[in-house]
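User: Please take a close look at one part of this model, the surroundings of the ligand, and set the empty space computed for the protein beside it.

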Amino acid sequence: MINIIEFNEIGKNEGKLISLEVGVNILFDIKRVYYIFEVPKSTRRGYHSHKQLKQVLVCINGSVKIDTEYNNVKNTTILDSANKGLYLGSNVWREMYDFSQGAVLMVLASEIYDEKDYIRDYSEFKLKEVV
Ligand code: T46
């Protein structure tokens with residue numbers, strides 16, 4: 001499944017703070033954090049789904065568009081604020097594109113990196129979809 005999460009912002013005039021906390025706004029144990037940055041405007045990344053991995057994507061600077069497909073439903077999400085997260089459960093196809101200048105896409109992941117968890121072939125992904 002996919003889901004937009006709105007994070008509570010703490011503070012105002014003195015600047016803002018957002019806390020990402022397991023059991024509060026992140027509903028899985030975080031085993032890995034990575035971030036994607038300095039992506040050229042014309043570059044499209046992703047093109048895969050995951051067998052088990054759950055993730056929350058947060059664009060902590062700039063903006064990025066994310067096309068997803070889950071159970072035959074396609075969506076486009078624009079992440080353009082540090083207070084918005086995109087939860088991607090397992091079996092979601094994703095493509096990230098239109099990274100703005102200076103965009104930083106931070107990802108919280110439920111598992112350590114494992115290439116065996118990836119499905120990088122679209123036709124294989126479609127075969128595994130639950131109808
Ligand atoms: C995802 C989207 C949002 C590692 O060595 N360790 C890591 O933790 C990750 C995430 C990647 N890598 C290596 C594997 C590749 O050689 O970094 C290289 C680029 O990875 P990839 O082509 O999978 O990057 P994206 O941007 O297409 O996808 C990434 C994540 O891999 C993926 O899980 O959901 O960001």
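Analyst: For sorting residues by class, Ala, Val, Leu, Ile, Met, Phe, Trp, Tyr, Cys and Pro count as nonpolar, Asp, Glu, Lys and Arg as charged, and the others, including Gly, as polar. The model is predicted, so that local features need pLDDT of at least 70 and side-chain atom pairs pLDDT 80 or more, while totals for chains, interfaces and linings use all residues. Numbering starts from 1 along each chain as its sequence is written, and side-chain values use heavy atoms, with hydrogens and water left out.

As a frame for the site, the protein has one helix and 10 strands (DSSP runs, H or I of at least four residues and E of at least two, numbered from the N terminus), and these elements follow one another from the N terminus as β-β-β-β-β-β-β-β-β-β-α. Along the principal axes, the C-alpha atoms of the protein occupy a box of roughly 50 × 35 × 25 Å.

The ligand is surrounded by 14 residues, of which Arg32, Arg45, His50, Arg94 and Tyr118 are the closest (a residue is near if one of its heavy atoms lies within 4 Å). By class, this shell comprises six nonpolar, four polar and four charged residues. Three polar contacts (N or O pairs within 3.5 Å) can be described individually: a polar side-chain atom of Tyr118 is 2.5 Å from a ligand oxygen atom, a polar side-chain atom of Arg94 is 2.6 Å from an oxygen atom of the ligand, and a polar backbone atom of Gly46 is 2.8 Å from a ligand oxygen atom. Of the 650 Å² of accessible area that the ligand has on its own, the protein covers 68% (Shrake-Rupley, 1.4 Å probe). Two or more shell residues come from each of strand 2 (32-37), strand 3 (45-50), strand 4 (55-61) and strand 8 (93-97), and strand 3 gives the most, with four residues.

Turning to empty space in the protein atoms alone, the largest pocket (an open set of 1 Å grid points with protein on both sides within 12 Å along at least five of seven lines; lining within 4 Å) holds about 200 Å³. It is lined by 15 residues, with Tyr34, Ile36, His48, Met96 and Tyr118 closest to its centre. Strand 2, strand 3, strand 4, strand 8 and strand 9 (104-109) each supply two or more lining residues, and the largest share, four residues, belongs to strand 3. The pocket lining divides into seven nonpolar, four polar and four charged residues.

The structure also holds one cavity of 30 Å³ or more (points where a 1.4 Å probe fits but cannot get out), and the largest cavity has a volume of about 40 Å³. Its lining consists of Arg32, His50, Leu53, Glu111, Ile112, Tyr113, Asp114, Asp117 and Tyr118, which by class are four nonpolar, one polar and four charged. Arg32, His50 and Tyr118 in that lining are also among the residues closest to the ligand.

Terms used. Polar contact = N/O pair within 3.5 Å; in protein donor to acceptor, adjacent residues only side chain to side chain. Points joined across faces, edges and corners; volume = space filled by probe spheres on them.
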